[in-house]
Amino acid sequence: MQSKGEPKTKQVLSGTPQIIKDYTYQRQIRTEKEYDLVVAGGGPGGIAAAVCAARLGANVLLIEATGCLGGMGTSGLVTAFDPMADGERALVGGFMREVVETLYSRGFLAPQVTPDSWRKTYHSWTPFNPEGLKVVLDEFAAEAGVEVRFFTKVVDADSDPFDKSVKGVIINNIEGYSYIPAKTFIDATGNAELAKICGADCREAGYNAPAPMPPTLCSLVSCIDFDKYYSDAANRRNPSKNGEDVVEVIEGRSEQRGLLKAMADGHFSRKISKFLIGMFRMGVHSAYMNAGHVFGTDALNNESLSAAMVRGRELAQEYFTFYRKYVPGFEEMEHITTGHLLGVRESRRIVGEYELNIEDYLARRQFPDQIGIFNKCIDIHTKDESDEAYKKFYEVMSKSGRLKHGECVGIPYGILVPKGWKNLWVAGRCNSSDEKVHGSIRVMPAAGMMGQAAGTAAVQSIKRKQEAYSIDTAELITTLRKHGAILPQKDLTHTLTRGSHRTEYADGKHAQSCKQN
């Protein structure tokens with residue numbers, strides 16, 4: 001080992017200049033057996049990719065940095081699946097639907113949930129028990145023959161950014177470092193960590209916006225009197241079912257009325273946004289609390305992330321005491337714990353073969369190579385505490401950025417492939433999309449569909465000797481349909497959609513209905 005290079009000055013967040021030096025580190029590490037597929041990240045995209053690939057006969061290694069599968073749904077305590085239907089029919093099938101229906105059959109969904117929540121209801125969330133999700137995903141992985149390594153991270157890769165291929169990854173865990181060769185790789189880290197390490201082109205969140213979305217540190221709470229809470233008729237109004245004005249309903253709820261009073265009373269130690277995400281009931285007396293934004297967080301900076309965890313815990317305590325004091329039914333509420341992971345909403349995305357954009361979303365565009373269809377509003381959280389940001393969020397979320405009943409947008413295969421890469425895919429929120437449409441598809445059900453598609457594509461690439469960027473998408477779609485994916489497009493093509501419809505499909509040639517065939 002040796003250090004080299006001239007000292008460099010780096011300005012850190014605290015404002016204190018820090019002298020840093022380059023350091024060269026070399027060592028010999030063991031090489032392990034080769035796998036067909038290595039998946040980095042065990043969240044909804046990663047577990048879907050790993051299990052679906054293994055079910056198709058692949059030898060799969062799934063690498064997860066924490067001690068459980070499920071990602072934000074378990075370690076992050078974001079314990080509700082986003083909308084999976086369009087008000088008329090289910091949009092999300094395949095592996096993701098299998099997970100939800102298994103949770104339902106085992107009693108791991110919230111008591112108010114019925115099958116219509118994910119099969120039909122418009123803009124309906126499906127809360128679940130996070131411990132139940134951990135168990136179910138463990139079982140799915142074991143039954144499929146996926147090898148899972150917890151407390152393990154990918155720290156480097158043997159890749160060629162000129163040839164755009166990956167030979168293997170270097171991992172680190174309690175046993176030290178080792179090299180894992182494989183035929184194919186999927187980045188499901190959320191932050192495009194593997195793609196970045198390999199040299200794939202990426203864009204950091206905020207590159208085309210004033211700032212990235214702020215994260216939230218979620219919590220589990222209990223001892224809530226939901227009967228008392230719902231005795232207020234305003235809290236029983238459901239715009240998703242009744243077609244009422246979304247903003248009017250939200251602002252009429254007791255927690256929103258209470259928040260304005262708490263802000264006026266000076267309850268919070270710092271200025272906060274009027275935007276309250278709120279509580280999602282997940283048990284008879286329990287819920288997950290999604291409240292408070294950690295503004296100014298850079299999710300790709302460790303110092304910033306560390307500070308955000310501390311601030312997130314402060315906010316969780318302040319919102320906990322707010323609910324007890326200002327919201328009827330929550331007087332005896334107990335705060336159980338905050339998440340192990342910060343609820344990061346955006347950080348880094350790849351530059352893919354296609355970038356899904358807001359024009360696609362607003363046109364309800366369908367693609368011949370789409371691997372999923374989706375209907376969720378453009379959900380870009382307020383980036384500061386101002387009333388202007390609050391009003392803009394609700395205008396977009398409730399009106400200009402919301403698809404109607406019976407509508408959907410397609411998710412094309414090309415957003416999963418770093419541009420030009422041969423054996424590397426992504427799944428989840430590091431997909432190739434612009435900021436606005438990313439605000440819709442960054443969530444768990446969409447990540448699950450992406451993971452199933454990426455895992456299926458990886459197996460096809462091995463069996464057919466096809467490269468990720470030139471895979472036969474007609475065969476891919478056919479396989480996904482056989483395994484439950486809901487893909488209603490009539491016209492299939494053998495090549496993926498590239499570029500952007502702004503230049504290639506401005507005539508709407510490929511726009512089709514998202515109705516079932």
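How many bridges join strand β11 to strand β12? In this predicted model, the count is seven, and the two strands, β11 at residues 153-160 and β12 at residues 165-173, run antiparallel. One pair to look for along this ladder is K153 with its bridge partner N172 in β12. The connection between β11 and β12 is a hairpin with four residues between the strands. Within that turn, K164 is worth a glance, as its phi is positive, at about 60 degrees.

The chain then continues into another hairpin, in which two residues lie between β12 and β13. Strand β13 covers residues 176-187 and is joined to β12 by six bridges, again in the antiparallel sense. Here I171 stands opposite S178 of β13. Strand β12 thus has antiparallel bridges to β11 and to β13.

Further along the sequence, attention turns to an open sheet of four strands. Their order is β16-β17-β15-β18, with antiparallel pairing. Strands β16 (278-281) and β18 (334-338) form the edges, each pairing on one side only. From one strand to the next, the twist averages 30 degrees. In general, the strands of a sheet pair through backbone hydrogen bonds, in either a parallel or an antiparallel arrangement. At the β16 edge, four bridges link β16 to β17 (residues 287-290) in the antiparallel sense, and R281 can be found opposite A287 of β17.

This sheet also has a helical neighbour. Helix α10, made up of residues 302-326, lies across β15 (219-222), β16, β17 and β18. Relative to the edge strand β18, helix α10 runs at about 160 degrees.

A helix-helix contact completes the picture. Helix α2 (residues 94-105) packs against helix α14 (residues 444-464), with an angle of about 130 degrees and a distance of 7 Å between the axes. Helix α2 is therefore oblique to α14, because an angle counts as roughly antiparallel when it is over 145 degrees and as roughly perpendicular from 65 to 115. On the α2 side, the contact is made by G94, F95 and M96, while α14 contributes M444, P445, G448 and Q452. Sorted by class, the residues of this α2-α14 contact are four nonpolar and three polar, with no charged residues.

How values were computed
Residues are numbered from 1 along each chain as its sequence is written. This is a predicted model: local features need pLDDT of at least 70, side-chain atom pairs count only at pLDDT 80 or more; totals for chains, interfaces and linings use all residues. Side-chain values use heavy atoms; hydrogens and water are left out. Two strands pair if DSSP finds at least two bridges between them. Axes are lines fitted to C-alpha atoms, for helices over the stretch in contact, and angles run from 0 to 180 degrees between N-to-C directions. Contact means heavy atoms within 4.5 Å. Angles under 35 degrees count as roughly parallel, over 145 as roughly antiparallel, 65 to 115 as roughly perpendicular and the rest as oblique. Ala, Val, Leu, Ile, Met, Phe, Trp, Tyr, Cys and Pro count as nonpolar, Asp, Glu, Lys and Arg as charged, and the others, Gly among them, as polar.
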